[in-house]
Amino acid sequence: MNLKNSVTSSLLFIAVTTAGTVYASDSYVGVNYSFLEQSYTNVDDAKLNTVNLRVGTFFDRSFSGEFRVGTGIGDDTVGGVVDVEIDQLIGAYLRSGVLTSGNLFPYLVAGVTQGKVTTKVAGAKNSESETDLSFGIGI
């Protein structure tokens, strides 16, 4: 299966912070657990999960930029025959949100992600990399 011909141009992710974020001045380091959907033509979307390390800096109280590096956890089967797995993700993003009184930071995020995905069909394995726009929400 040729991934580039079957993948639409969007990658939606909803990032949920699972570990505390460490702040130093206006910079931060954190860990995300992300739920991703990879869209394919004529078959169901692949639902995948990743763990990501993120490093960023706040430009003001509600706007920040960050870099993320992640790896997939598990895989999904689409169309009943194709196993899909994320090998790695690397990206740069801008976030906009509001810090609540409970130290939560609900946010919108958009950026560019480069990912490597492996597909397996009947024992045959194919790995491809692609770069695309990404967007999502998180807390």
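The legends below accompany several close-up views of one predicted model.

The model is predicted, and local features need pLDDT of at least 70, side-chain atom pairs count only at pLDDT 80 or more, and totals for chains, interfaces and linings use all residues. Residues are numbered from 1 along each chain as its sequence is written, and side-chain values use heavy atoms, with hydrogens and water left out.

**View 1. Overall arrangement of one helix and nine strands.**
Helices (H or I, at least four residues) and strands (E, at least two) are DSSP runs, numbered from the N terminus, and read along the sequence they give the pattern α-β-β-β-β-β-β-β-β-β. Of the 139 residues, 35% count as buried, where buried means under 20% relative accessible area, exposed over 50% and partly exposed in between, with a 1.4 Å probe and protein chains only. The accessible surface comes to about 7600 Å², 60% of it belonging to carbon and sulfur atoms; such areas come from the Shrake-Rupley method with a 1.4 Å probe, and for residues only the protein chains shown count as cover. With contact taken as heavy atoms within 4.5 Å, residues 24 or more positions apart account for 52% of the contacts that have a separation of 6 or more.

**View 2. Strand E4 and its partners E3 and E5.**
Two strands pair if DSSP finds at least two bridges between them. Twelve bridges join E3 to E4 in an antiparallel arrangement, with Val-31 standing opposite Leu-53 of E4, and the two strands form a hairpin with five residues between them, in whose turn Asn-42 has a positive phi of about 70 degrees. On E3, Phe-35 is partly exposed at 40% relative accessibility, and its C-alpha atom is separated by 7.2 Å from that of Lys-47, twelve residues away along the chain. E4 is also joined to E5, again antiparallel, by ten bridges, among them the one between Thr-57 and its partner Gly-65 in E5, and a hairpin of four residues connects E4 to E5.

**View 3. The two faces of E4, with Asn-52 on the buried one.**
In a regular strand the side chains alternate between the two faces of the sheet. Along E4, Ala-46, Leu-48, Thr-50, Asn-52, Arg-54, Gly-56 and Phe-58 point to one face and are buried, whereas Lys-47, Asn-49, Val-51, Leu-53, Val-55 and Thr-57 point to the other and are not. Asn-52, which lies in E4 (residues 46–58), counts as buried because its relative accessibility is 6%. The side chain of Asn-52 makes a polar contact of 3.1 Å with that of Thr-50; a polar contact is a pair of N or O atoms within 3.5 Å, of which, within protein, one must be able to donate a hydrogen and the other to accept it, while residues adjacent in sequence count only if both atoms are side-chain atoms. Leaving aside neighbours within four places in sequence, Asn-52 is in contact with Gly-30, Val-31, Asn-32, Ser-34, Val-69, Gly-70 and Leu-89.

**View 4. The largest nonpolar core, of ten residues.**
A nonpolar core is a set of buried Ala, Val, Leu, Ile, Met, Phe, Trp, Tyr and Cys residues joined through side-chain atoms within 4.5 Å. The largest core consists of Leu-36, Tyr-40, Ala-46, Leu-48, Val-78, Val-82, Val-84, Ile-86, Leu-89 and Val-117. Strands E3 (27–40), E4 and E7 (82–97) each give two or more residues to this core, and E7 gives the most, with four. Apart from this core lies another, of six residues, among them Tyr-28, Phe-105, Tyr-107 and Val-109.

**View 5. Strand E7 and its antiparallel neighbours.**
Eight bridges join E5 (residues 63–73) to E7, where Ser-96 is the partner of Phe-63, and three bridges join E6 (residues 76–78) to E7, where Val-84 is the partner of Asp-76. E6 and E7 form a hairpin with three residues between them, and Gly-79 in the turn has a positive phi of about 65 degrees. Between E7 and E8 (residues 107–121) there are 15 bridges, including the one that pairs Ile-90 with Gln-114 in E8.

**View 6. Aromatic ring pairs, five in count.**
Rings of Phe, Tyr and Trp (its six-membered ring) pair if their centres lie within 6.5 Å, with planes under 30 degrees apart counted as stacked, over 60 as edge-to-face and the rest as tilted. The rings of Phe-59 and Phe-63 have centres 5.7 Å apart and planes at 45 degrees, so this pair is tilted; Phe-63 is partly exposed, with a relative accessible area of 33%. Ring pairs also link Tyr-28, Phe-58, Phe-105 and Tyr-107 into a cluster.
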